[in-house]
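Colleague: I have a model open on my screen and would like to learn how to read it. Could you take me through some features one by one?

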Amino acid sequence: VELRKEKLIIFVKKNYNLATYLILAFLVFLSIKIRTSNLPILKDVTTNDWTLGPDLDPFLFLRWAEYIVSNGSLFALDKMRYVPLGLSTNEEYLLHPYLIAWFHNVFSLFGSESVTYSAIIFPVFMFALTVIAFFFLSRKIFLNSLGEKKANILGLISSFFLIVMPSLLPRTIAGIPEKEASGFLFMFLAFYFFLVSWDSKKNMQRYSFAVLSGLATSAMALVWGGYIFIFITIAPAVLLSFMLGQVDRNKIYAYATWLLSAFVVMNYFSIRY
């Protein structure tokens, strides 16, 4: 009888997790469906070719991405900005156009017509990944205090509100490859990896996830100036935990590992920092 009960518990637990991930998959599909509903109107009637939506910055990112696809890397001086002196591209957030170019290199294998079309789909793809990252972050936040089931439910509800949030839609919809599309993904990943590192009991896991959090932090810093939200969230939270006596030596090491790995990568790939 005890063996049957144990098998039943395992079966219910497995199917519960399966149901959770099926709902998450539906939410990801919903986010894609909403953000690609404008695709038919992104065809230029004068050229019968794809065009970006009505936003200025994405046209700069597209121009850079097209050059990267054609030449393998971006030029050092953009002569179309600050004429006649030009602008050193090392002063800008360069990871974003490189992400668009890399996405095109992969997406072209699945039938992408041009770099422009890949740039149109890019924010939708990145937001789909963002929804997944946000679910696991929300789940992690409530996991220890509320348990797995309630944490899963709260994660799904939070992800739904993220998907339908009106203020976020114009920055993640098809045709608007803005920085926020990939920036939010790296921000949620940085928070998630940091929490996993903070709660880890084994040194290898603790420092590995701290480094992953640092890499996600630096990736956001190389995409969007909103990276500062990561520092002004984690740093005061750790300071408060320290003042309340919740920080031991291992957590200090994890915090230092995150901070050091983030700063090293940020400084290596950009002169902004």
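Colleague: Let me start with one residue: where is the place of N48?

Modeller: N48 sits in the loop between β1 (43-44) and β2 (49-50). Helices (H or I, at least four residues) and strands (E, at least two) are DSSP runs, numbered from the N terminus. Before we go on, note that this is a predicted model, where local features need pLDDT of at least 70, side-chain atom pairs count only at pLDDT 80 or more, and totals for chains, interfaces and linings use all residues. Residues are numbered from 1 along each chain as its sequence is written, and side-chain values use heavy atoms, with hydrogens and water left out.

Colleague: What is phi of N48?

Modeller: Phi of N48 is near 55°, a positive value in a residue other than glycine. Y82 also has phi near 55°, again a positive value in a residue other than glycine, and Y82 lies in the loop between β3 and β4.

Colleague: Is N48 buried or exposed?

Modeller: The general idea is a set of cut-offs on relative accessible area: buried means under 20%, exposed over 50%, and partly exposed in between (1.4 Å probe, protein chains only). N48 has a relative accessible area of 58%, so N48 is exposed. Y82, with 57%, is exposed as well. Over the protein, buried residues make up 46% of the 273 residues.

Colleague: Which residues does the cis peptide bond join?

Modeller: V83 and P84 are joined by a cis peptide bond, with omega of about 5°. P84 is in the loop between β3 (77-78) and β4 (87-88).

Colleague: How many helices and strands does the protein have?

Modeller: There are 10 helices and four strands. Along the sequence they follow the pattern α-β-β-α-β-β-α-α-α-α-α-α-α-α. The C-alpha atoms fill a box of roughly 75 × 40 × 30 Å, taken along the principal axes.

Colleague: Now the interior. Which residues touch the most other members of the largest nonpolar core?

Modeller: A nonpolar core is a set of buried Ala, Val, Leu, Ile, Met, Phe, Trp, Tyr and Cys residues joined through side-chain atoms within 4.5 Å. Here the largest core has 71 residues, of which I120, F188, I230, I234 and W258 touch the most other members. Its largest share, 15 residues, comes from α4.

Colleague: And what does I120 touch, not counting residues up to four places away in sequence?

Modeller: Contact means heavy atoms within 4.5 Å. With those sequence neighbours left out, I120 touches L39, L42, W50, T51, L52, A174 and G175. Among contacts in the protein between residues at least 6 apart in sequence, 71% join residues at least 24 apart.

Colleague: Is S138 buried or exposed?

Modeller: S138 counts as buried, at 5% relative accessibility. This serine is found in helix α4. Leaving aside neighbours within four places in sequence, S138 is in contact with G155 and S158.

Colleague: Let us turn to pockets. What volume does the largest pocket have?

Modeller: On a 1 Å grid over the protein atoms alone, a pocket is an open set of points where a 1.4 Å probe fits, with protein on both sides within 12 Å along at least five of seven lines; lining residues have an atom within 4 Å of a point. Grid points are joined across faces, edges and corners, and a volume is the space filled by probe spheres set on the points. The largest pocket has about 300 Å³. Its lining counts 14 residues, with F191, F194, L195, W198 and A237 nearest the centre. The elements giving two or more residues to this lining are α4 (115-146), α7 (179-199) and α9 (228-243).

Colleague: Which residues line the second largest pocket?

Modeller: They are N90, E92, L94, L95, Y98, W102, L222, Y268, F269, S270 and I271. Two or more residues each come from α3 (95-107) and α10 (249-269). The space in this second largest pocket is about 220 Å³.

Colleague: What does S270 touch, not counting residues up to four places away in sequence?

Modeller: On that count, S270 touches N90 and L222. S270 lies in the segment after α10 and counts as buried, at 6% relative accessibility.
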